[in-house]
Amino acid sequence: MITKADPLAQTLTFKIDGKAVQAPAGTTILTALRSIGKEVPTLCYSDRMQPYGACRTCLVEVEGRKPVASCHTPVAADASYKTHSPLLTRLRKNITELIASDHPLECLDCTANGRCDLQSLAQEVGLRTPRYENARTHNPPKDDSHPFIKLEMAKCIGCGKCARACDEVQGSFILGMSGRGYDVKVIAGNDTGFEKADCVSCGQCVFECPVAALEEPGTRLFGLPDTTVITTCSYCGVGCSLNVNVKDGSVVNIEPNPQGSANLGHTCVKGRFAHQFAHSKDRLHTPLIKKPDGGFREASWDEALDLIATKFNEIKKKYGPAGFAAISSSRCTNEENYLMQKFARVVMGTNSIDNCSRVCHSPSAYALGQALGTGAGTNSFQDVAESDVIMIVGANPTEAHPVFGARIKQAVLKGCKLIILDPRNTELAKLSDLHIPLRPGSNVAVINAMQHVLVKENLIDPDFIAKHTEGFTQLKAELEPCTPEWAAEIAAVDPDLIRRAARLYASGKAAQVLWGLGVTEAGHGSNAVFGMINMAVMTGNIGRPGTGTNPIRGQNNVQGASDVGALPNVFSDYRSVTDPEARADHRRVWGIEPPSDKGLRIPDMFDAAHHGTLKAMYILAEDVAQSDPNTTHVVGALESLEFLVVQEIFMNETAKLADVILPGTTFLEKEGTFVNSDRRIQRVRQAIDPRPGTRIDGDIINTIARRMGVDLGVDAGPGTPIDPSKIMDELAHLTPKWAGVSYERLEKMGFIQWPCYDKDHPGTEIVHLGGETLRPNHLAKLTITPWQEPGELPDKEYPFMLTTGRMLFHYNVGTMTRRTDVSKLDKAKEETLRIHPSDARKVGVVNGELVNVTSRRGSVQVKAQVTKATNPGTLFMTFHFPESRTNLLVGSAVDEFTGCPEYKISAVRVEKVTAAARPETRDPADEVQHAK
Amino acid sequence: MAWITKNSGTMQIERRTEPYLTDEMKRDLEAKVVVRYPTRRASTLPCLHAVQEKYNYIPHQAIEEIGAFLGLPASEVLDTCTFYEMFFTQPRGKYVVWVCQSISCELLGHEKLMHGLEEKLGILPGETTPDGKITLMHAECLGACGGAPCALVSETMHENLTAENLERIIDSLP
């Protein structure tokens, strides 16, 4: 449970086991005794939940009173507590005996054997066989319906931790305890079993279970792990710290790290259960070289690397730096991204290096950089607990960033006001105080109108504006015509809703804006971000706890990939490649003159390939042929290249087009660091050895450079592995805001939030503290954001707006998650077109029927899912299923400042497919066989 | 494992198209019950009572309907419902006979009463007669120790019972 200490609480003095202790009033006895290193047994207590006081094993003696449960009794002034005594042991033994009398004493048969709280407690109090007759007259139920959450009520001790975790940590309210006494039973939903209940499969109930009433199959299959490695999750941008339990070189299971700073001992279904891909037999296990007939042949590492080195040298000589471009990967570590941009700049002499933030949050980084001076969110995850108003625009955190989504949900349940701007009725929209179901593509209009209301109704903070901002007078004039009525027309919503939203936002003492790709993956994404920053700045909601403007980053290390300079226009720390000081620094460290060409962004790379100026590409772990918009254009570009190297863990659509494929490694097999959404640099640690035949991605990049005759200075000599900590040192040296980051400090501190200016700097939880921004003049810039039409609007021929996004159970193009147990879940099996019942009636389809979805660029077939989760006129599809090829439908319109594509807005039409036209289903495994 | 376990993950809920919690019931509850409490959640028990009164038991489908009506997850409604012995989630007899088994009643021969009924009705506690007339239940203290042994027949309390006069009471049920 997350409770903030009350700074005004009185400090009390009391004694624990004879020792004088001080703690603020309201502290529980348990917290106080643990703070001085004492321990009492607990069964129903968890740090992540409200005290419950059910098991009574945490009893302590109080002088002059009866023993009390320490977990929920606050300390009293001048009291004297005893944690261990003959009386307490006797009481605890009795309690344990009662619990054990209705528990099978068959520990050898149990997966919790050796890590069971009841077993340890029985040991501690010296209980052998209970005196009470075993009540084996009832039939405790079990539930095997879910693929990885198994319930065995015979072992349940009725502590209710699972149901409380479901409520208080995850916020799903799926679990409950039905019945009483011997009949008590954990129920999922309406007692229909875990699989059929609306369970999000986060596994928190399993993690909290003190016995093995709830368990996952991992330990059942492998036994207890022999090591636990703490690392950082490689799915979304929340950056959950994970305990990877390993046995004999394989992952047994993954559990949340209770000390994790970003996740506070919570994970989602992907981080917790979707790890089997690392052991998948589909993993690429040897370099592959394209044969003249178009197929691939297996090759040795030497042959493949030599071929690449020769080819890259040739291309550089023949076409100069303009002939080469690299795409780095936000899935890989900071060190590997730094190395990749160093490779492009030092070895190939070009700035044509980019990463996938181009197609997601580049507008956020750009606008935040321009307006506030740094290209990242301003506040931290924990700030949602301090906000009294949260506004979320174009994001669905409960599915795309589930752990953070759950935190927002908890904040809202505790009374924080929530404003949602989203065309979909997301889970949070249903919980919100105010939902503006705006039409896709109208973000800027609505945000401008909200600013208009703020100014018109004088809901702004004039002192803050005068002291900390520039550009207000001009902005005010520009906002004059942006009335709610004007925006309501564009967004197809009630103008009053916009007014109320602006007032609600301004009513917050600490109001925070969060946004996702619904904002940035639009033609005018940067303007929408500028608009939200304007709102925050005008109302003084910046530089304080609970305020700020925070993008929720999509991928595990998309923040880091950009921070370390895998972008064409900047070095690390977003220092422009034209900045003389930055150039001098790099010249000094790299020993060469850094390239000065303009450098290609990802969409420009494909254009340049079509024009014939770009000849070779090196793509690290990104399936552009699948995930980038306008698939036909991308595939054509890659096909027209002279030489394409793809480094991947699985065969995918992009790799199929490569001349050489290099088998890389997963996050479980390497050392490094990731940066999450709130600028938190955390360590990634090797849990298992790289699979035979694969190599660590950073090593591959370094070896290619070595074979091309360049020493990147990150190894101990030719043929030796890279040293990630050495790369971090170089990176820290070249990155003023990371200057205090080192592996040594990360080990000690667990995480560092940049900016961290020197070795004594603790990192920065809240940037722009007190409203002083990081721009050179320390003023926030208020930016004019004119509204423009999106690239495409519905018309007679294409009457619907299609928007795309993620669902909870899968990640991006599904390469990883679809090779894990998660794909066994019914809800995660196939792609559907989400369509509102009224639209479905218009088109004449019912739930489950096959439809053709057609845009100006192509057509795909998919099953219709009739649901009120979208609004009339708006359709939704994910991009997790390569066979449904959602991105074929998406256009080439891009953000004017950053080139971020307009994934979220495509005009489409929907037609019912006749039964005869049903396509055969494809399996991702087929693609791999094709490769061999 | 030595324990006999039964699988609950395969439970199927019988469903019908018309709701158990009808619009009329909802209107009624809204006007008479929900308005009296600061939160909708507080009306859970009255809603459960209303359903049981009308259908003589609370079908699982109705649990979901009450949840939707009050804005609560189904698990929470079922959790509350199953905490109380007097809510039945399975169809029960027209009459429920609760035989008290607390200390006074036990000392004064509750067992005889129970055995007599078991024999007469041909069912065990927790079961319902095949004609659907009577459900037999054990009860913890009914709060009438002065008149032990006692039993509750639906809503009517009967004290100072013997196997014979209890039988007569049962026989006289319409």
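The following exercises, each with a worked solution, concern a predicted model.

**Exercise 1. The covered strand**

Task: Determine how many residues of strand 18 of chain A are buried, and which residues lie on each of its faces.

Solution.
Step 1. Strand 18 of chain A spans residues 389-393, and 5 of its 5 residues are buried.
Step 2. In a regular strand, side chains alternate between the two faces of the sheet.
Step 3. A:Val389, A:Met391 and A:Val393 lie on one side of strand 18 of chain A, and A:Ile390 and A:Ile392 lie on the other. Both faces are covered, since these residues are all buried.

**Exercise 2. The neighbours of strand 18**

Task: Identify the strands that pair with strand 18 of chain A, and find the bridge partners of A:Val393.

Solution.
Step 1. Strands of a sheet pair through backbone hydrogen bonds, in either a parallel or an antiparallel manner.
Step 2. Strand 22 of chain A (residues 511-515) pairs with strand 18 of chain A in the parallel sense, over 5 bridges. In strand 22 of chain A, A:Trp515 is the bridge partner of A:Val393.
Step 3. Strand 19 of chain A (residues 417-421) also pairs with strand 18 of chain A in the parallel sense, over 5 bridges. In strand 19 of chain A, A:Val393 has A:Leu421 as its bridge partner.

**Exercise 3. An open sheet**

Task: Give the strand order of the open sheet of 7 strands in chain A, name its edge strands, and describe the pairing of strands 25 and 26.

Solution.
Step 1. The order is 15-14-26-25-24-16-17, and the pairing is mixed.
Step 2. Strand 15 (296-298) and strand 17 (353-354) of chain A are the edge strands, each pairing on one side only.
Step 3. Within the sheet, strand 25 (residues 643-648) and strand 26 (residues 660-663) of chain A run parallel and are joined by 4 bridges. One bridge partner in strand 26 of chain A is A:Pro663, which faces A:Glu648 in this pairing.

**Exercise 4. Salt bridges and burial**

Task: For the salt bridges A:Glu255 with A:Arg115 and A:Asp144 with A:Lys150, state which partner is buried and which is partly exposed.

Solution.
Step 1. Side chains of opposite charge can pair when their charged atoms come close. Over all chains, a search of the whole structure finds 49 salt bridges.
Step 2. A:Glu255 and A:Arg115 form a salt bridge at 3.8 Å, N to O. This pair links distant parts of the chain, 140 residues apart: A:Glu255 belongs to strand 13 (residues 250-256) of chain A, and A:Arg115 to the loop between helix 2 (86-100) and helix 3 (117-125) of chain A.
Step 3. A:Glu255 is buried because its relative accessibility is 13%, under the 20% limit. A:Arg115, at 37%, is partly exposed.
Step 4. In the second pair, the closest N and O atoms of A:Asp144 and A:Lys150 are 4.0 Å apart. A:Asp144 is partly exposed at 35%, whereas A:Lys150 is buried at 13%.

**Exercise 5. Cavities and a surface patch**

Task: State the volume of the largest cavity, and name the residues of the nonpolar surface patch of chain B.

Solution.
Step 1. The structure holds 10 cavities of 30 Å³ or more, and the largest has a volume of about 630 Å³.
Step 2. The largest cavity is lined by 39 residues, of which A:Arg331, A:Gln555, A:Ala621, A:Tyr811 and A:Asn812 are the closest to its centre.
Step 3. B:Ile103, B:Leu107 and B:Leu108 make a nonpolar surface patch of about 370 Å². B:Leu107 is placed in helix 5 (residues 103-107) of chain B and is exposed, with a relative accessible area of 70%.

Terms used
Residues numbered from 1 in each chain as written. Chains lettered and ligands numbered in written order. Predicted model: local features only at pLDDT ≥ 70, side-chain atom pairs only at ≥ 80, totals over all residues. Heavy atoms only, no water. Pairing = 2+ DSSP bridges. Helix = DSSP H or I, 4+ residues; strand = E, 2+ residues; numbered from the N terminus. Patch = residues over 30% accessible without salt bridge, like charges linked within 9 Å, V, L, I, M, F, W, Y side chains within 5 Å. Areas by Shrake-Rupley, 256 points an atom, 1.4 Å probe, with all protein chains shown as cover. Salt bridge = Lys/Arg side-chain N within 4 Å of Asp/Glu carboxyl O. Buried < 20%, exposed > 50% of the residue type's maximum accessible area, 1.4 Å probe, protein only. 1 Å grid on protein atoms, 1.4 Å probe; cavity = no way out; pocket = protein on both sides within 12 Å on 5 of 7 lines; lining within 4 Å. Points joined across faces, edges and corners; volume = space filled by probe spheres on them.
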